[in-house]
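Subject: Structure handover

Hello,

Here is the structure you were waiting for. My notes on what was found in it follow below.

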Amino acid sequence: MTSEKKDIVVSGIRPTGNLHLGNYFGAIKSFLTMQEECKCYFFIADWHSLTTHPHPDNILKNTRTILAEYLACGIDPSKAVIYAQSDVKEVLELYLYLNMNAYLGELERTTSFKEKARKQPNNVNAGLLTYPTLMAADILMHRAVKVPVGKDQEQNMEMARKFARRFNTIYGVDFFPEPASFSLSSKAVKVPGLDGSGKMGKSEGNAIYLMDDEKAIRQKVMKAVTDSGPTEPNSEKPEAIQNLFTLLEIVSSPDTYNYFNDKYNDCSVRYGDLKKQLAEDIVLFTAPIREKILEIAADTDYLERVAREGAEQARESARLTVDKVREIIGFPALR
Ligand code: ADP
Ligand code: TRP
C-alpha cells in the first residue's frame, strides 16, 4: 500500500485525569494496531475538556500526563501524529462552519448532552451543546475514515457522519468521507468497574489507572463487590461477579480464566483467591507501563519535541482541509 492510499485514522482522549484500564482496552489498544497500518492522528482533546472542566487549573499538567501515557503505552511518534487539539487552530474554523449547519434540536437531543446538562445544571454551556460538532471537526479535519473509540461514542460518531453528509449535500461536493467507528473486535469492549455495576470511568470513581502502584491496585481489587458465592452448579453470574470475570478475561491468561470459571461452575470458587490472582495479573500488565510513564514524564524536553513536531504535521493536514473548505464555501482569498 502506498502512503497516500492508507486509511486515515483520528482519535482523541480528553485530558481530565489519568488513563485507566477502560481507556487502554477500549481505545489505546486499537491505536497501537492502527498505527502499524494506517495514517494515524492521535490527539489530546484539551478544548473538549473545557465543556465539563471550565477552570482547568492543571491543563498543562494533564495534557503532559496523557501525552506521556500515550507514549508509554507504545504510541510511536515515528508512526503516528501525536498532538494537542489546542495546537491546531484550524479545527476552530471548521468547527464554525459545521456549527452553521448543525441544528439546535438535534444537538439538544443527544444523550451525552442531556446527561451532562443534568449533571451540571449550572453550567449548560454552548460548548457542551456543540460538543459533537467540535468532535466532527477533529475527525473531518484530517478527512478520516476510521475512528477507534469505545461504544459510548457511537452517537457522537453518528453526528459526525451526518455533518459530513450535510456539508457534501449543501455544497454539492463529495469532499468529506463518512467516518466509521472502529473497534478491534466485532463487539466493542466495555471494561467494567469494580463497584458491581456499569463501566470503568474516571468520573465513576471505580477506575484502575495505568499509573496506580501495586498497593493501590491490590487494595482496589480486594475491595471489589462480590456475593456469598453460587449455590447451584453452572448458575448465571450476577453482574458484580461477571464484571470480575470480564476483567480476568481481559488481563489474565485463558488458563487462569478457565480455572476460576470451572470453580465457579462447580460452586467451589473462592473470591479471595480470584481477586488475588486478578490483582497480580493487573500489576503484571500495568507495572512496566507505569515505569515507562514515570520515565517519559520526567523528560519534558522529549515531551515538548513530540508535541511540537506532532502539531506541525497535524496543522499541515488541517490547513489543506480548511483551504479547500473555504474554496468550496466560496470565500475569496483577497490576498
Ligand atoms: P472516561 O469515561 O474515563 O472519562 P473518556 O470518556 O475520556 O473516559 O474515554 C476515552 C476513550 O476511552 C473513549 O474512546 C472511550 O470510549 C474509551 N473508554 C473509556 N472508558 C471505557 C471503558 N470502561 N471500556 C471501554 N472503553 C472505554
Ligand atoms: N469525545 C471523545 C471522548 O469523550 C473525545 C474526542 C474528542 C474524540 N474528539 C474526538 C474521539 C475525535 C475521537 C475522535 O472520549
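**Ligand 1**

A polar side-chain atom of His20 lies 2.6 Å from an oxygen atom of ligand 1. Please keep in mind throughout that this is a predicted model. Asp152 makes a comparable kind of approach: an N or O atom in the side chain of Asp152 is 2.5 Å from an oxygen atom of ligand 1. With Gly22 the backbone is involved, as a polar backbone atom of Gly22 is 3.2 Å from a nitrogen atom of ligand 1. On its own, ligand 1 exposes 540 Å², and 91% of that is buried by the protein.

There are 16 residues around ligand 1, and those that come nearest are His20, Asp152, Val191, Met200 and Lys202. By residue type, the shell around ligand 1 divides into six nonpolar, six polar and four charged residues. Helix 1, which covers residues 21-37, gives the most to this shell, with four residues. The space that ligand 1 takes is the largest pocket.

**Ligand 2**

Ligand 2 also sits in the largest pocket. The residues that surround ligand 2 are Ser11, Gly12, Phe43, Ala45, His48, Tyr131, Met135, Asp138, Ile139, Val147, Val149 and Gln153. They divide into seven nonpolar, four polar and one charged.

Three side chains place polar atoms by a nitrogen atom of ligand 2. For Tyr131 the distance from a polar side-chain atom to a nitrogen atom of ligand 2 is 2.7 Å. For Asp138, an N or O atom of the side chain is 2.8 Å from a nitrogen atom of ligand 2. For Gln153, the corresponding distance from a side-chain N or O atom to a nitrogen atom of ligand 2 is 2.9 Å. Ligand 2 has 370 Å² of accessible area on its own, of which the protein covers 89%. Strand 1 (8-13) and helix 8 are the elements that give two or more residues to the shell around ligand 2.

**Helix 8**

Which element gives the most to the shell around ligand 2? That is helix 8, with four residues. Helix 8 runs over residues 131-140 and is mostly covered, with 10 of its 10 residues buried. The buried residues of helix 8 include Tyr131, Met135, Asp138 and Ile139, and these four names also appear in the list of residues around ligand 2. Pro132, Thr133, Leu134, Ala136, Ala137 and Leu140 are also among the buried residues of helix 8.

**Two single residues**

Is Gln35 buried or exposed? Gln35 is in helix 1, and its relative accessible area is 6%, so Gln35 counts as buried. The side chain of Gln35 reaches the backbone oxygen of Gly74 at 2.9 Å.

Asp262 belongs to helix 12, residues 254-265. Asp262 counts as partly exposed because its relative accessibility is 48%, and that class lies between the cut-offs of 20% and 50%. From C-alpha to C-alpha, Asp262 and Leu247 are 16 Å apart in space, and they are 15 residues apart in sequence.

Regards

Notes. Residues are numbered from 1 along each chain as its sequence is written. Chains are lettered from A and ligands numbered from 1 in the order in which they are written. This is a predicted model: local features need pLDDT of at least 70, side-chain atom pairs count only at pLDDT 80 or more; totals for chains, interfaces and linings use all residues. Side-chain values use heavy atoms; hydrogens and water are left out. Buried means under 20% relative accessible area, exposed over 50%, partly exposed in between (1.4 Å probe, protein chains only). A residue is near a molecule or strand if one of its heavy atoms lies within 4 Å of it. A polar contact is a pair of N or O atoms within 3.5 Å; within protein, one must be able to donate a hydrogen and the other to accept it, and residues adjacent in sequence count only if both atoms are side-chain atoms. Accessible areas come from the Shrake-Rupley method with a 1.4 Å probe; for residues, only the protein chains shown count as cover. On a 1 Å grid over the protein atoms alone, a cavity is a set of points where a 1.4 Å probe fits but cannot get out, and a pocket is an open set with protein on both sides within 12 Å along at least five of seven lines; lining residues have an atom within 4 Å of a point. A molecule sits in a cavity or pocket if more than half of its atoms lie within 2 Å of its grid points. Ala, Val, Leu, Ile, Met, Phe, Trp, Tyr, Cys and Pro count as nonpolar, Asp, Glu, Lys and Arg as charged, and the others, Gly among them, as polar.
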